[in-house]
There are 2 protein chains.
Amino acid sequence: MTITLAVDCMGGDHGPAVVVPAVLEFLRHDPECAAILVGRESELTPFLAHADGVLAGRWSVQHASEVVDMHDPVATALRVKKDSSLRVMANLVKEGRADAAVSAGNTGALMAVSRFVLKTLPGIERPAIATALPTLRGHSYVLDLGANVDCAPEHLLQFGIMGAMLVSALEHKERPTVGLLNIGEEDIKGNEVVKRAGELLKESGLNFIGNVEGDDIYKGTADVVVCDGFVGNVALKTSEGLARMISTFLRQEFARNPLTRLAGLFAMPVLKSFKARVDPRRYNGASLLGLKGVVVKSHGSADSFAYRHALEQAAEAARQKLPEKIAARMAMVAPVGMLCD
Amino acid sequence: MTITLAVDCMGGDHGPAVVVPAVLEFLRHDPECAAILVGRESELTPFLAHADGVLAGRWSVQHASEVVDMHDPVATALRVKKDSSLRVMANLVKEGRADAAVSAGNTGALMAVSRFVLKTLPGIERPAIATALPTLRGHSYVLDLGANVDCAPEHLLQFGIMGAMLVSALEHKERPTVGLLNIGEEDIKGNEVVKRAGELLKESGLNFIGNVEGDDIYKGTADVVVCDGFVGNVALKTSEGLARMISTFLRQEFARNPLTRLAGLFAMPVLKSFKARVDPRRYNGASLLGLKGVVVKSHGSADSFAYRHALEQAAEAARQKLPEKIAARMAMVAPVGMLCD
């Protein structure tokens, strides 16, 4: 079965210059996929010159006259720019012409438009954003990363379900472990919302392993780490900041004098393989979960290599019918959810 | 003026074996300080053999028959073990026999006992825990780190005031910058508590620079980063986990084969000076703020080098009369605080 991706070619820092080549490269590697390139046709065409015969019939262009800017308010994306590449992309999924959508555009607008066009799955009140992070044991998925800042315990339960289904789909794990992000102070284990969420997760039938702490994210203690969007966003951004500081300090120390620069030359291959292991480009692609359709957000600054990872993720989620899996799992816990209301 | 520290020698993973030598070393380097070593006299004595003549008259032992374990509930520390080293240490500060207290014991118990014995400063409803972290520009202080998980906007304002006074005292900065930890999603900038806290901080007269995001912690965007204890704890622990993962990966890559091990030998001096720059031991010592007295918590696993940093921090905070500074600053914003109630 061919999986067709609708790709917003106008989003991100580099627009079609990065997205179109990434899509073509992706199609070359995955012969079972097709793509609909969405955006201003005249701006996409120059980059399609490299689409050789191998790809014939597996890509098409869907013109969209408008572009949602990074700074456009959500209201503009929803109510003004109705022919934006974002909106047209989401419509392609809704109409069944595409199996998944990928965009590097404005996250808030992408979430709002996707939610408006595709709607949420039955029982899901809040869609969430999830991404994979490298860990000592492989990688783990964290959600929510910023779509929901004030969460009720029921929302954290839903994040657990969606995260577990995501890992099932992408990693083909039968019963992924789910941890609830909490803090370890002896006398005050978490706030009221988290405490109640822990009880709900315990009753959910998920492979819930209990509370985990911040350092457990990178230990790989759980396949899925559940938290509200405020906490998840801070954890993710703090990690980005720390990684950048460490890499800056390392560079500075190796650049200190001729001797350290020489040491840097010797260490280069090792540092390169280290860097490849934690390369954030390999983890590019955040899943918008809980919608009636697969939507993946690429980092705005993604290069072609990183963008391909987002495309692969979207294709796999669509192939595994992730939204259907989430809906089925939600139906199983619905009685529990109702008990809590 | 001599600053006298009351030091709980029984706390931490190593107890007197680490704490007593650290205190003696600290006294050797700072002739204007004295110390009261608190704990089971018989267990401290063996380590005092190295106390040479230079230190004569600058240290004494205060016997305390009990020890609060890492796993003791707060209630035990408060109501059962009334002759614990923790309690006796706090009493020494209360009675004015010591100017500051330092312990590597159980954080929850330390906070509860300190609060019970010393009481909070006028206007402070919730004491907070703050620590310094390395940044691209130097270092920044983050609070709260876990003492308060459900905060009202007024508490975040108080954290801002306490953090600013801490940086004034320890770094001798006149008007340290204060940032409010928030998330960057375009349409949903933070939860209700954080939004309101931002307004209070704006009116506070502090050098408030507005919202900062997780990555700003390590960029050094603000001298003080304010957040609730849940978020702060997650940010800190996530950072610890990431730093450990990076250092493990680096070690693994350099240990891969004889060639990489050789490269590691060449790179060793550089890696060492890198490590020194981010050495968490240099940042050991978390301040318990908002109490009528200076209390510093050392990491439980601190070695003698790390412990000395906690002692130095406590001495400097006492020298700068940190609690008095916080009280004076609180008095200035009290009218604002009352408006918010």
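In this predicted model, helix α5(B) lies across three strands of chain B, namely β4 (100-103), β10 (286-289) and β11 (294-297), and α5(B) runs at about 175° to β11(B). With the cut-off for roughly antiparallel set at angles over 145 degrees, the value of about 175° for α5(B) and β11(B) falls in that class.

**The sheet of chain B**

The strands that α5(B) covers belong to an open sheet of 11 strands in chain B, whose order is β3-β2-β1-β4-β11-β10-β5-β6-β9-β7-β8 and whose pairing is mixed. At the edges of this sheet stand β3 (59-63) and β8 (207-212) of chain B, and because each has a single partner strand, one side of each is left without a neighbour in the sheet. On average, and with direction ignored, neighbouring strands here are turned by 25° against each other. The edge strand β8(B) pairs with strand β7 (residues 177-181) of chain B in the parallel sense, over five bridges, and B:V178 stands opposite B:F208 in β8(B).

**The sheet of chain A**

Chain A likewise holds an open sheet of 11 strands with mixed pairing, in the order β3-β2-β1-β4-β11-β10-β5-β6-β9-β7-β8. Its edges are formed by β3 (59-63) and β8 (207-212) of chain A, each with a single partner strand, so that one side of each is left without a neighbour in the sheet. From one strand to the next, the twist averages 25°. Within this sheet, strand β1 (residues 3-8) of chain A and strand β2 (residues 33-39) of chain A run parallel and are joined by six bridges, and the bridge partner of A:A6 in β2(A) is A:I36. Helix α6(A) packs on the sheet, where it touches β5 (128-135), β6 (138-143), β7 (177-181), β9 (224-226) and β10 (286-289) of chain A, and its direction makes about 165° with that of β9(A).

Two of the parallel strand pairs are set side by side below.

| Strand pair | Bridges | Residues opposite each other |
|---|---|---|
| β7(B) and β8(B) | five | B:V178 and B:F208 |
| β1(A) and β2(A) | six | A:A6 and A:I36 |

**Helix packing in chain A**

Helix α6 (residues 153-171) of chain A also packs against helix α7 (residues 192-202) of chain A, at an angle of about 50° and with the axes 8 Å apart. That angle makes α6(A) oblique to α7(A), and the crossing of the two helices is right-handed. On the side of α6(A), the residues that meet α7(A) are A:P153, A:E154, A:L156, A:L157 and A:G160, while α7(A) brings A:V193, A:R196, A:A197, A:L200 and A:L201. By class, the residues of this contact divide into seven nonpolar, one polar and two charged.

**How the two chains meet**

Chain B is superposed on chain A by a rotation of 180° with 0.0 Å of shift along its axis, at an RMSD of 0.0 Å. The two copies are thus related as by a two-fold rotation axis, and the same surface serves both, since 98% of the contact residues of chain B recur in chain A. The contact takes 56 residues from chain B and 55 residues from chain A. On the side of chain B that touches chain A, α5 (107-118), α8 (214-219), α9 (229-254) and α10 (258-278) of chain B each supply at least two residues, and α9(B) gives the most, with 21 residues. By class, this side of chain B has 27 nonpolar, 15 polar and 14 charged residues. Helix α5(B) thus appears twice in this account, as a helix lying across β4, β10 and β11 of chain B and as one of the helices that supply residues to the contact with chain A.

Terms used:
Residues are numbered from 1 along each chain as its sequence is written. Chains are lettered from A and ligands numbered from 1 in the order in which they are written. This is a predicted model: local features need pLDDT of at least 70, side-chain atom pairs count only at pLDDT 80 or more; totals for chains, interfaces and linings use all residues. Copies are superposed by least squares on the C-alpha atoms of residues with pLDDT of at least 70 in both. Two residues are in contact if their C-beta atoms, placed from the backbone, lie within 7 Å. Helices (H or I, at least four residues) and strands (E, at least two) are DSSP runs, numbered from the N terminus. Ala, Val, Leu, Ile, Met, Phe, Trp, Tyr, Cys and Pro count as nonpolar, Asp, Glu, Lys and Arg as charged, and the others, Gly among them, as polar. Axes are lines fitted to C-alpha atoms, for helices over the stretch in contact, and angles run from 0 to 180 degrees between N-to-C directions. Angles under 35 degrees count as roughly parallel, over 145 as roughly antiparallel, 65 to 115 as roughly perpendicular and the rest as oblique. A crossing is left-handed if the near helix is turned anticlockwise from the far one by less than a right angle, and right-handed if clockwise. Two strands pair if DSSP finds at least two bridges between them.
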